[in-house]
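Here are a few notes to read alongside the model. Please keep the sequence and the 3D view open as you go through the points.

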Amino acid sequence: MANFKTLDDFDLAGKRVLLRADLNVPVENGKVTDATRIERLIPTIREITKVGGKAILLSHFGRPKGKVDKAFTLETVVPAVADELGHPVGFIDTDWTDVEQAKKAIDSAPEGSTLVLENTRFHPGEEENDLDLAKRMASLGDIYVNDAFSAAHRAHASTEAIARLLPSAAGRAMQAELEALEKGLGQPKRPVIAIVGGAKVSSKIELLENLIHKVEALVIGGAMANTFVHALGLGVGKSLCEKDLADLANTIMAKAEAARCAIILPIDGTVAWHFEADAPHRTYGMDAIDPDGMILDVGPGSIERIKGAIDEAGTLVWNGPLGAFEMNPFDHGTTEIARYVAARTKAGKLVSVAGGGDTVAALAKAGVKDNLTYVSTAGGAFLEWMEGKPLPGVEALKQG
């Protein structure tokens with residue numbers, strides 16, 4: 001964390017602290033259904049308010065397209081923030097064209113207050129990274145703290161421009177994320193193994209091409225593995241496969257060989273003839289897939305091969321399931337590997353960092369979401385980090 005200031009670098013007493021949060025949480029019938037992102041904010045909020053600072057939360061919510069749309073008001077989320085915090089939380093309505101009323105409300109709030117400002121995307125300047133909007137936002141605080149890694153891949157007024165206008169720091173959740181990612185690929189304990197799964201190679205080209213230069217072994221699973229298997233001249237039946245990307249798959253494998261990165265592909269698969277839960281299925285070697293079948297999971301031989309690679313690793317990074325994990329029994333491979341990673345982590349033999357929506361859901365289904373070294377809920381930002389891209393919201397926090 002040498003490149004970033006944290007809460008430890010500031011005297012927060014009596015200060016107005018603009019806290020970039022991610023309150024873009026799922027809501028049904030006016031109620032928050034998953035408060036994970038709110039939970040991760042609580043330590044930072046408490047650290048600000050316990051010394052008399054005012055925690056003033058900035059966040060987007062949904063896609064109001066730069067207009068005031070009360071279907072996307074953050075007032076809906078305020079009760080969930082209050083529940084997690086255990087204290088009342090105020091709400092300040094503003095459309096971001098004029099912040100004078102917001103400024104008065106903040107100034108009149110008692111020390112130690114927590115306040116939520118209205119949706120930053122109610123103004124078109126938010127997604128345009130507009131400097132004038134950022135200046136209006138900055139006028140409401142003395143210090144800027146970004147605790148929303150999940151929004152750090154976007155250069156928006158509340159994530160990038162504002163950080164250059166006020167003394168800025170990473171909040172505790174952002175700090176934890178950055179430290180975990182540094183352990184994952186920045187300065188990892190070697191050897192490093194990556195597991196990349198999911199449906200399509202086309203959505204993860206940049207990810208694969210970055211990882212082959214960062215890791216010693218790369219496990220490719222899920223339907224995207226079928227494209228590589230097909231590129232090797234083997235049949236994949238009626239499985240999901242981007243056959244037009246065979247040349248690209250071969251290029252990636254050649255680059256990996258040159259970079260001394262071992263590509264680990266499935267050697268067997270669980271095949272079904274219908275894409276549905278509990279469909280009849282059987283295991284085939286990858287050199288003998290039924291031409292009428294679909295590969296929906298890795299087979300037992302592949303699972304053991306992946307475990308062997310994990311045994312040799314000091315660090316693991318993971319994005320994407322190994323099969324159709326949403327359906328029994330095709331969740332078996334992903335679940336088995338998830339529990340193995342958790343056990344190696346618990347034994348102190350592995351640093352494990354995972355992220356991405358499907359990955360988090362698969363780890364939760366396997367009952368091990370809390371048993372890895374770090375699980376990122378950041379989605380797109382986590383994927384862009386794995387791709388080696390600079391994240392605007394992080395870059396803006398770096399000390400000059």
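1. A good place to begin is Cys241, which has a relative accessibility of 17%. Buried means under 20%, so Cys241 counts as buried. Please keep in mind throughout that this is a predicted model.

2. Next, have a look at Cys261. Its relative accessible area is 5%, so Cys261 is buried as well. How many disulfides does the structure hold? The count is zero.

3. Stepping back to the whole protein chain, you will find 14 helices and 17 strands in its secondary structure. Among contacts between residues at least 6 apart in sequence, 75% join residues at least 24 apart.

4. What about the overall dimensions? Along the principal axes, the C-alpha atoms of the protein chain fill a box of roughly 70 × 45 × 40 Å. The radius of gyration is 23 Å, and this agrees with a compact globule because one of 400 residues would have a value near 21 Å.

5. Now for the inside and the outside. Of the 400 residues in the protein chain, 56% are buried. The area that the protein chain exposes comes to about 16,600 Å², and 48% of that area is supplied by carbon and sulfur atoms.

6. Finally, a word on charge. The protein chain carries 55 negative side chains and 43 positive ones. If you mark the centre of each set, the two centres lie 3 Å apart.

Conventions:
Residues numbered from 1 in each chain as written. Predicted model: local features only at pLDDT ≥ 70, side-chain atom pairs only at ≥ 80, totals over all residues. Heavy atoms only, no water. Helix = DSSP H or I, 4+ residues; strand = E, 2+ residues; numbered from the N terminus. Rg over C-alpha atoms; globule rule 2.2 N^0.38 Å. Buried < 20%, exposed > 50% of the residue type's maximum accessible area, 1.4 Å probe, protein only. Contact = heavy atoms within 4.5 Å. Areas by Shrake-Rupley, 256 points an atom, 1.4 Å probe, with all protein chains shown as cover. Lys, Arg positive; Asp, Glu negative; His and termini not counted. Charge placed at Lys NZ, Arg CZ, Asp CG, Glu CD. Disulfide = S-S within 2.5 Å.
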